[in-house]
Amino acid sequence: MKPSAWFHRSFEPHHEGPGLILLGAGVGLLAGLGAVLFHYLIAGIHNAAILGTYGIVQNAREHTPVSPWGAWIILVPVIGALLVTVLVRNFAPEAQGAGVSQVLRAVHADRGQMRPVIAIMRPVATAITIGTGGSAGREGPAMQFGAAIGALVGYLFRVPDHRRIHLLGCGVGAGIAAVFNAPLGGWFLAMEVIVPDWRPWTVLSTLVATASASWVTQEVFGSGHLFAHAYISHWNGSLMLPTFAVVGSLMALMSLGFIRLMDRVDAYSRKRLQNPYARHMSGMLLVGILLYVTCRLTGHYYLIGGSYAGISDILLHQMHWPLLLLLLLALKAIATSLTIGTGGSGGIFSPSLFMGAALGSCLGMLLEPIIGVPHLAALFALCGMAGMVAATTGALLSAPVMVVELTGNYHVLLPAMVTALTAFAVRRVFLQDSIYTLPLHREGLPVPENHYIVEEKMDDK
């Protein structure tokens, strides 16, 4: 039998397993390579736009040095907004926003079809947004980039529609696994949020995709954790677990405020500034002002990108003033809403991590003398990260898993799960939609959380 005939036969009933594994591995490798180029692109633009230097070296865990432009740094995000709007208007409207909503639209309305140009335009637009000072994460666009790779691979190999949708899920998991070096968290996210199809070959091929993507980035950047490892002493689980339910409830309320703020900024800016150039450039002018003011007050650009260095500072308890944390939390929510809501390109996963860590650390500092447990601020910060992400994105299972993978604090998985579960449940009481599905409901495309893909032909054996 010819190799091509064997490959197409592998997608017939009862024989699709080997083909899925191979395609999953291919999607993962391509997504990993794309994530490496994406990282270098962001670093190059960041160094040129913010620091006036040339090079592609950047450590995301370290703070950006103070820009030599002084107050003129305020205009750098405006220039980036102009470039992003040109790309979005002329080449790829899908490159605007957080990216995951567009993937869900492809899954539920477009039979898993995505334009190949997204694989190029989305990383470029996001690199410009983040590199010029925008407040957004790189994980959402990486997920959309991976999904576009999966769609392209499915088209080239002419797989059935339901398997092309599955390859989108492989690309999503591979994208976030590569960016965060979190293969298990990326796999959970893809299976939970994008394509919840839990049959054996689907599960295995998605896991192969995330493992392949992480392998590529580990070969280039090493296997270290993205955030600092927080020191957490022993805690009494039987007595404290109800406390984490309270933390989760507070994270749910903060998530509701953040989702509403993002939605209001998007609606208000579209109504008041219908010209897309004026709309996004005005929003990024405000972001530039916030960057400059924050740096003047604290000495660091805490709001740039996903605020990875800020998250590490919180986990290491290098920020001792609760009022400062609450101020940065509010500014991060505003800056992210302005960046994404007015037309920028970037993710909301990392900003949610920062806000959850900030509020959790505040709670820990306030309760530490009452409960009598040392290092409570770091523990609550980790759990707050899981709770905020679970409530905001709907990633109930993947949020706590990803948080422990990002920090190496695997022993806090249980309290992180309790926090995430409570945050997700409380948010659902007040708002059915996550930040990813709300825009789609606005368009009349209902995409419920925890949806399930219905097999068109038959189940795996």
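The questions below concern the pockets, cavities and one helix pair of a predicted model.

Visitor: Which elements give two or more residues to the lining of the largest pocket, and which gives the largest share?

Guide: The largest pocket has a volume of about 590 Å³. Of the 25 residues that line this pocket, the closest to its centre are Gly97, Ser101, Asp266, Arg270 and Pro439. Two or more lining residues come from each of α4 (100–109), α10 (237–272), α13 (322–341) and α18 (438–442). The largest share, five residues, belongs to α10.

Visitor: How many residues in the lining of the largest pocket are charged, and from which domains does the lining draw at least three residues?

Guide: The lining of the largest pocket holds eleven nonpolar and six polar residues, and the charged ones number eight. At least three lining residues come from each of two domains: domain 1 (19–219) and domain 2 (237–441).

Visitor: Which element gives the most to the lining of the second largest pocket?

Guide: This pocket has a volume of about 460 Å³. Among its 21 lining residues, His39, Ala60, Val179, Phe221 and Leu226 are the closest to the centre. The elements that give two or more residues are α2 (17–51), α7 (161–180) and α9 (200–221). With four residues, the element that gives the most is α2.

Visitor: How many residues in the lining of the second largest pocket are charged?

Guide: Ten residues of this lining are nonpolar and nine are polar. The charged residues number two.

Visitor: How many cavities of 30 Å³ or more does the whole structure hold, and what is the volume of the second largest?

Guide: A search of the whole structure finds two cavities at that cut-off. The space in the second largest cavity is about 40 Å³.

Visitor: Which residues line the second largest cavity, and which element gives the most of them?

Guide: The lining consists of Ala31, Gly34, Ala35, Phe38, Pro123, Pro141, Ala142 and Phe145. Seven of these residues are nonpolar, one is polar and none is charged. Both α2 and α6 (139–156) give two or more residues. The element that gives the most, with four residues, is α2.

Visitor: How are α8 and α9 oriented to each other, and what is the hand of their crossing?

Guide: Helix α8 (residues 183–194) packs against α9 with the axes 9 Å apart and at an angle of about 140°. Angles over 145 degrees count as roughly antiparallel, and 65 to 115 as roughly perpendicular. The angle for this pair falls in neither class, so α8 and α9 are oblique to each other. The crossing of α8 past α9 is right-handed.

Definitions and conventions
Residues are numbered from 1 along each chain as its sequence is written. This is a predicted model: local features need pLDDT of at least 70, side-chain atom pairs count only at pLDDT 80 or more; totals for chains, interfaces and linings use all residues. Side-chain values use heavy atoms; hydrogens and water are left out. On a 1 Å grid over the protein atoms alone, a cavity is a set of points where a 1.4 Å probe fits but cannot get out, and a pocket is an open set with protein on both sides within 12 Å along at least five of seven lines; lining residues have an atom within 4 Å of a point. Grid points are joined across faces, edges and corners, and a volume is the space filled by probe spheres set on the points. Ala, Val, Leu, Ile, Met, Phe, Trp, Tyr, Cys and Pro count as nonpolar, Asp, Glu, Lys and Arg as charged, and the others, Gly among them, as polar. Domain bounds come from an automatic or database domain assignment. Axes are lines fitted to C-alpha atoms, for helices over the stretch in contact, and angles run from 0 to 180 degrees between N-to-C directions. Angles under 35 degrees count as roughly parallel, over 145 as roughly antiparallel, 65 to 115 as roughly perpendicular and the rest as oblique. A crossing is left-handed if the near helix is turned anticlockwise from the far one by less than a right angle, and right-handed if clockwise.
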